[in-house]
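Work through these exercises with the model at hand. Try each task before you read its solution.

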Amino acid sequence: MVVSVDEREATSLESDRQFMEDWRDLKMMTKALGGVARLTIVYHLARQPEISVTDLTAMLNISQPLVSWHLRKLRRAGLIQTRRTGRQVYCSLNHSRFQQCLERLGRLVDPSQILEVLPVGNALIEADASMND
């Protein structure tokens with residue numbers, strides 16, 4: 001099978017576009033993990049199948065609204081799941097999403113992963129700005 005230059009370029013551009021989408025997603029996840037309280041929450045959730053917000057509040061010894069704020073950051077990044085039973089909210093770690101974050105971090109530093117085009121100058125600033133949540 002012969003692949004034309006245009007087809008190769010289109011495939012390369014699509015690959016680069018997907019890589020940038022992965023970076024956008026990685027940025028969201030790493031920002032969500034960017035706090036000691038949220039890292040502590042992940043630590044606890046990794047060791048139990050599920051924890052109530054009430055129990056997390058007691059474990060962290062911070063206010064319930066602050067725990068909920070941290071949980072919202074983690075949930076928006078897809079790193080945790082919540083479910084409500086009556087007035088109680090239970091949280092669990094989304095292990096597959098967390099693993100996806102680790103894999104994307106690994107690809108970021110993998111020297112065999114080469115992008116054809118990386119944003120530079122204004123394109124870099126625009127790409128970063130478009131990644132803001």
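**Exercise 1. Describe the hairpin of β2 and β3.**

Step 1. Find the turn. β2 and β3 form a hairpin, and 2 residues lie between them. Gly86 in this turn has a positive phi of about 65°.

Step 2. Fix the strands. Strand β2 covers residues 80–85 and strand β3 covers residues 88–93. Strands (E, at least two residues) and helices (H or I, at least four) are DSSP runs, numbered from the N terminus.

Step 3. Look at the bridges. The two strands run antiparallel and are joined by 6 bridges. Arg83 has Tyr90 in β3 as its bridge partner. Arg84 has Val89 in β3.

A note on the source: this is a predicted model, where local features need pLDDT of at least 70 and side-chain atom pairs count only at pLDDT 80 or more, while totals for chains, interfaces and linings use all residues. Residues are numbered from 1 along each chain as its sequence is written, and side-chain values use heavy atoms, with hydrogens and water left out.

**Exercise 2. Place the hairpin in its sheet and in the chain.**

Step 1. Order the strands. The open sheet has 3 strands in the order β1-β3-β2, with antiparallel pairing. Two strands pair if DSSP finds at least two bridges between them.

Step 2. Find the edges. β1 (51–52) and β2 each have a single partner strand, so one side of each is left without a neighbour in the sheet.

Step 3. Count the elements. The protein has 6 helices and 3 strands. Along the sequence the pattern reads α-α-β-α-α-β-β-α-α.

**Exercise 3. Trace the largest nonpolar core.**

Step 1. Set the rule. A nonpolar core is a set of buried Ala, Val, Leu, Ile, Met, Phe, Trp, Tyr and Cys residues joined through side-chain atoms within 4.5 Å. Buried means under 20% relative accessible area, exposed means over 50%, and partly exposed lies in between (1.4 Å probe, protein chains only).

Step 2. List the centre. The largest core holds 21 residues. Ile41, Leu45, Leu56, Leu71, Leu74 and Leu79 touch the most other members.

Step 3. Name the contributors. α1 (5–32), α2 (36–46), α3 (53–60), α4 (64–76) and β3 each give two or more residues to this core.

Step 4. Zoom in on Leu56. Neighbours within four places in sequence are left aside. Leu56 is then in contact (heavy atoms within 4.5 Å) with Ile41, His44, Ile51, Val67, Leu71 and Cys91.

Step 5. Add the general rule. In soluble globular proteins, nonpolar side chains tend to be buried together.

**Exercise 4. Is Arg97 buried or exposed, and what does Arg97 touch?**

Step 1. Locate the residue. Arg97 lies in helix α5 (residues 95–108).

Step 2. Check the area. Arg97 is buried, because its relative accessible area is 15%, under the 20% limit.

Step 3. List the contacts. Beyond neighbours within four places in sequence, Arg97 is in contact with Asp25, Met29, Ala77, Gly78, Leu79 and Arg104.

**Exercise 5. Check the cysteines, then Ser130.**

Step 1. Count disulfides. A disulfide is a pair of cysteine sulfur atoms within 2.5 Å. The count is 0.

Step 2. Check burial. Cys91 is buried at 1% relative accessibility. Cys101 is buried too, at 2%.

Step 3. Turn to helix α6 (residues 121–130), where Ser130 is found. Ser130 is partly exposed, with a relative accessible area of 43%.

Step 4. Compare positions. Ser130 and Arg24 are 106 residues apart along the chain, and their C-alpha atoms are separated by 8.7 Å.
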